[in-house]
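Me: I am new to this structure and would like to learn how to read its features one at a time. Could you take me through them slowly, with the general idea before the particular case?

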Amino acid sequence: MKAFPSEIRFKYNWRKYQKRVLDELEEHLKDDHLHIIAPPGSGKTVLGLEVALRLNKPTLIFAPTVAIRNQWVHRFCELFLQVDYTPDWISRDIRNPKFLTVVTYQALHTACSNKEIEEEGDIQERFIDEDDKVKKGRNNTNKIIRLFQAQQVGTIVVDEAHHLKSAWWKSLTKVKDVLKPTIVGLTATPPYDVSYAEWQRYTALNGPVDAEISVPELVVEGDLCPHQDYVYFSRPTNEENEKIRAFFQKIRTLYEEIKVDEVLVSAIEQHPIYCQPAAHLDWIYNNLEYYSATLIYLHALGKEINDEHTEIIGDKEFSIPPLNYEWMEILLTFYFYKDPINFSQYKEHQHKMMHKLIRNGAIERRTINFRYNHKINRLLSSSISKLDSIENIVTFEHQHLGQNLRMVILTDYIRKEFLTHQAQNNLELNKIGVLPIFEKLRRTHKENIKLGVLTGSLIIIPKIAERALREVAYKYKVDNLVTTPLPYDDMYLMVNLTEQLKLDVVHIITQIFQQGNIEVLVGTKSLLGEGWDAPAVNALILASFVGSYVLSNQMRGRAIRTERHNYDKTANIWHLVCANPEALDGGDDIKILKRRFRAFVGVSFRDEINIENGYGRLNLPHQFTTEQQVRHANAAMLLGAGQRDQLREKWQQALSSGTSLVEEILIPFPEDEEYRKIKSLYYTRTIKSLIGILVSGFIGYGLEALQVLSRIARHLRSREAVYICLAVFGSVGMITFGGLAFKTLRLYIKYRDIAKDVHQIGEALLVSLIKVGAIHTDYSKLRIISSLDDFGTVYCHLEGGTTYEKSVFIKALQETISIVDNPRYLIIRKNYFLKIIAQKDYHAVPEVIGGKKQFAEFFQTQWSGFVGKCDLIYTRTIEGRKLLLKARINSLASEFEEKAERINKWR
C-alpha cells in the first residue's frame, strides 16, 4: 500500500481554528513540524488525522494510553472511513506495523527495551543480565526502526507528548533521528513550568508551537459549551472526625513536650552556630533556614539573642518571628538529619525522639510534619462523607434536568468487594469507588434514575437498556452478547465481557448513554478520564483523589464538549472536598483542589465577571472549620448550579471584555482593607499630621513672638508659667502628630504606585531576557502591560511574542519580585522618596539571567535605567552571603506565604 485510499474524507465541517491551521499547513510544515496546543474537546484528534491524510505517507501515531490508542482507531474508522470495522492496513501492534500504525509510547519503549507487553500495558521483563540487557535493547531498537523503515514511515503523530517519561523520550527521539519524518505534535497541557533545558527537549521533538487555542476562544466559536466548576464540601463522619481530632490532639501535646525538652534545648543552645556564630559564617549563609529556626526556637524559650547575632543579620531592629509548627519542623530536621557531627553526642536522644514522632504520625519518609499527615490526608480525600455529597448532587441535578440529565461520575477504584451474590446487598459502604457509588445511588434512587457502570472489567446497565445494547452491539458485529441479572436487583444487568466485546464495549455503552438509556454513568478515570468522547455529558462529578491536575483537566474535558443539535447545552463540573475541621484553611483536600484549579479556566463568581483560572475565581471563604460555613458554601454552589440559563449569559458577558487568554503575574495587596481607601486615608492623614507638626512647631519654638499671650493670661501668675504651658503643649503636639505623620508617610511610600513599580521592573527584565536569548521576538513587537484594581492587586503580563516567551517572562518576573531564596546574584535597590527618605529593597536576579556574570551585569544596567539606582551582589562570597542573609531575614515573617502567583486571564 503506497497511499491512503483516495475516497477518505472527514464527514463533518471543520471548526474555525482547525480550518485556519489546515489553510496555513504548508507554512507550518516548512520545518517538518506541526505543534498544536488546544484544550480537551477541541478536536485535536481529527485534526491530526487530517494532517496525516494530507501528508499521505505511512503514518505512526503514538498515544499515552491503550484507551486513547483505541480512540484514534475508532475516530478514524467512524469519522473518515465511515465504516464499523478496522481495515487490515491499520495496526495496533508495534512489532507488526502497517500503513497506519497506532500504538502507545510505552509499547515503543518496551519493544525497544526488549520487554513483552500485555494488552493493557503491563510489563513482564525477561531475566537477562545487565550487559546483555543493554546490548539486546540496543539491537531491538534497531530492529523496530528497521520495521518502520520497511514501511517507509514518513509521518509521526505524537498525542499528549507531555506524558513522555525520560526513557520513553529517548526511544522516540532515536526513532525520529533515524526516520527523519514529519512530526505532528498535539497536546492540551504543554509543560510551560519545566526548566529551560526540559522545554528545549520538548520543542526538539515537537518543534516550536504553531498554534495555541484556549478554552474561551473555543467557547466564542461555539466549539466548547458554557460550563462552570462547583465545589461541594463535606465534613468528616463522626468516626473519621474522632480519628482526626485524636491525631491533632496528640500532635499538640507532642509539640508542647518537644518544645521544652531539656536535652533538645541544651543541644541547640550549645551548637557552634549559636555559641560562636562569627566563626561559622559560611555554614550559616548556606543554611539560613536552620540558623533562623535556631534563633526563633531559643528566643521563644526566653533565651537572649545577643549582639553577635544581630551583627550577622545586619539589622539590629530585626523582629524575631514567633515559634510555630513550621519553624519547629525545620529545627528538628536540622537536629535529626543535617549535622551529625555536632549532634553526635545526642544520638540516643535523637533516636528516642524520632521514634516518638514516628509513632504519633509526625515523621513520614524522613520528613517532619506537624501540620499534615498522609493517613489523615488520605482519610479526608477518600472520606465516606463524599458518598452523601455525590447523592446530593445527583438528586439536585436530576431535579433540574430530569430525563435530560447525562451525568458521569469518575473515580479511582472499582471496589469489586461490594458486589455480592446474595439476594440483598446490605454491605456497609465504607469506601469510595465505582461500586460503592453505584450502590449508594441504587439504594436511594431505585426507580427514577437510570444508572450504569462502565469499567475495564465490570459493566452494569439498567434492564430497560438491554434492547438498545443489543441493537448497538449488532452494528459493531458483536455476537454472543450475554447479560445476567444483578443478583440482588433484577432491574439491572451485568454484561459479560468477551474478547470480541472488549475492543468496542466502551463505544457501545457510550452510545446507549448518549441515547438516554443510561442517565448517570459511574466509571473509572483510567478508562473514561482521557480521550473518551460523549458529547451529551452535561454534568460531571470528579470523585477521584489520585492523579495530577493534568489528568484532572483531561477528565474535566469530558463534559465541556458541544453536542450537535443541542445548541443550549451547558455543563456543570463538580469537585468534592472534605474539609478538615482542625485546619483553618480547610486542610489538605482543599490545598490539592487549589493546585488543580491552576489548570481550570472559567467564569468567576465575583460581581465583576471575568474569565480566569485559579481557585480564587470561585470567591469561596478562606475558612471551613464549622458545619455552618460548609452549609453556606454548598448553598452558594447549588444556587449557581441551578441557574444554567444565566451561565450562558455570563460567558457571553465575560467574553465580550477581551480577545485572548493572557498569562500574567498577580501581586495581591498585603492588607485586608481596600487599597484605594487605605492609600487615600494614609495620604490624608499624612497631610493633616504634617500640618499638625507645623502648628506645634510654631507654638513650641515661637514663644518669643507669643509673649503677648502672657499679658492676657489672667490665670497664669508669671511669664515662666506661660512659657512652660506653651512648651509642654507644643511638645505634646510634636510627639503626637510627628509619630502619626512618620507612620502614615512610611505606609504611603510603601504603597504609592505599585503597578508603576512592577512595570519598570518588567521593562528591565524584558530587555535582559532578549539579551540572553530566552526571548527571540523583536523588542518593537513586545509590550509590558500592567494594571491595578480597586483592591490594590497588581497584574502584569507581556503582550506579543510566543506563548512560551510570555511564560518565560512571567516566571522570571515572579522570581524577581517574590521572596528572595538563594540566587547567584542579588539586586539591592536604593530609592529615595522626595530625595529625603531612603528605601532599600532586595530582589533576586532570575536564574535564566543570573547564570552568567555578563548577563547579570547587563540586567543591573537595565535596572538602573528603568527602575533606579541599584547594586549587583554576587552571593557566593562571604560578603555576598551576608547581604543575602539580610535579604532573606527581611522576609522571615512571610516565609511561608505565596506573595505573587501566575494566573491566566481573559483580556
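Reply: Let us begin with the sheet, keeping in mind that this is a predicted model. Strands of a sheet pair through backbone hydrogen bonds, and the pairing can be parallel or antiparallel. Here seven strands form an open sheet, in the order β3-β4-β2-β7-β8-β1-β9, and the pairing is parallel.

Me: Which strands stand at the edges of the sheet?

Reply: The edge strands are β3 (90–91) and β9 (211–212), and each has a single partner strand, so one side of each is left without a neighbour in the sheet.

Me: How many bridges join strand β7 to strand β8, and what is the bridge partner of Val158?

Reply: Strand β7 (residues 155–159) and strand β8 (residues 182–187) run parallel and are joined by five bridges. Val158 has Gly185, in β8, as its bridge partner. Helix α3 (residues 44–55) packs on this sheet, where it touches β1 (33–37), β2 (59–63), β7 and β8, and the direction of the helix makes about 170° with that of β8.

Me: Next I would like to understand the nonpolar cores. Which residues have the most contacts inside the largest one?

Reply: The largest nonpolar core has 87 residues, and those with the most contacts inside it are Trp72, Phe76, Phe80, Trp89, Ile461, Ile509 and Ile512. Helix α4 (residues 66–81) gives the most to this core, contributing eight residues. A second, separate core has 57 residues, including Val758, Ile761, Phe809 and Ala812.

Me: What is Ile461 in contact with, once its neighbours within four places in sequence are left aside?

Reply: With those neighbours left aside, the contacts of Ile461 include Leu451, Leu469, Met491, Val495, Ile509, Ile512 and Ile518, and Glu466 is also among them.

Me: How many disulfides are there?

Reply: A disulfide is a covalent bond between the sulfur atoms of two cysteines. In this model the count comes to zero disulfides. As for single cysteines, Cys578 is buried, with a relative accessible area of 0%, and Cys796 is likewise buried, at 0%.

Me: Let us finish with one residue. Is His349 buried or exposed, and where is its place?

Reply: His349 lies in helix α17 (residues 347–359), and because its relative accessible area is 16%, which is under the 20% cut-off, His349 counts as buried. Apart from neighbours within four places in sequence, His349 is in contact with Asp261, Val263, Leu264 and Tyr335. The side chains of His349 and Asp261 are joined by a polar contact of 2.9 Å.

Methods:
Residues are numbered from 1 along each chain as its sequence is written. This is a predicted model: local features need pLDDT of at least 70, side-chain atom pairs count only at pLDDT 80 or more; totals for chains, interfaces and linings use all residues. Side-chain values use heavy atoms; hydrogens and water are left out. A nonpolar core is a set of buried Ala, Val, Leu, Ile, Met, Phe, Trp, Tyr and Cys residues joined through side-chain atoms within 4.5 Å. Buried means under 20% relative accessible area, exposed over 50%, partly exposed in between (1.4 Å probe, protein chains only). Helices (H or I, at least four residues) and strands (E, at least two) are DSSP runs, numbered from the N terminus. Contact means heavy atoms within 4.5 Å. A disulfide is a pair of cysteine sulfur atoms within 2.5 Å. Two strands pair if DSSP finds at least two bridges between them. Axes are lines fitted to C-alpha atoms, for helices over the stretch in contact, and angles run from 0 to 180 degrees between N-to-C directions. A polar contact is a pair of N or O atoms within 3.5 Å; within protein, one must be able to donate a hydrogen and the other to accept it, and residues adjacent in sequence count only if both atoms are side-chain atoms.
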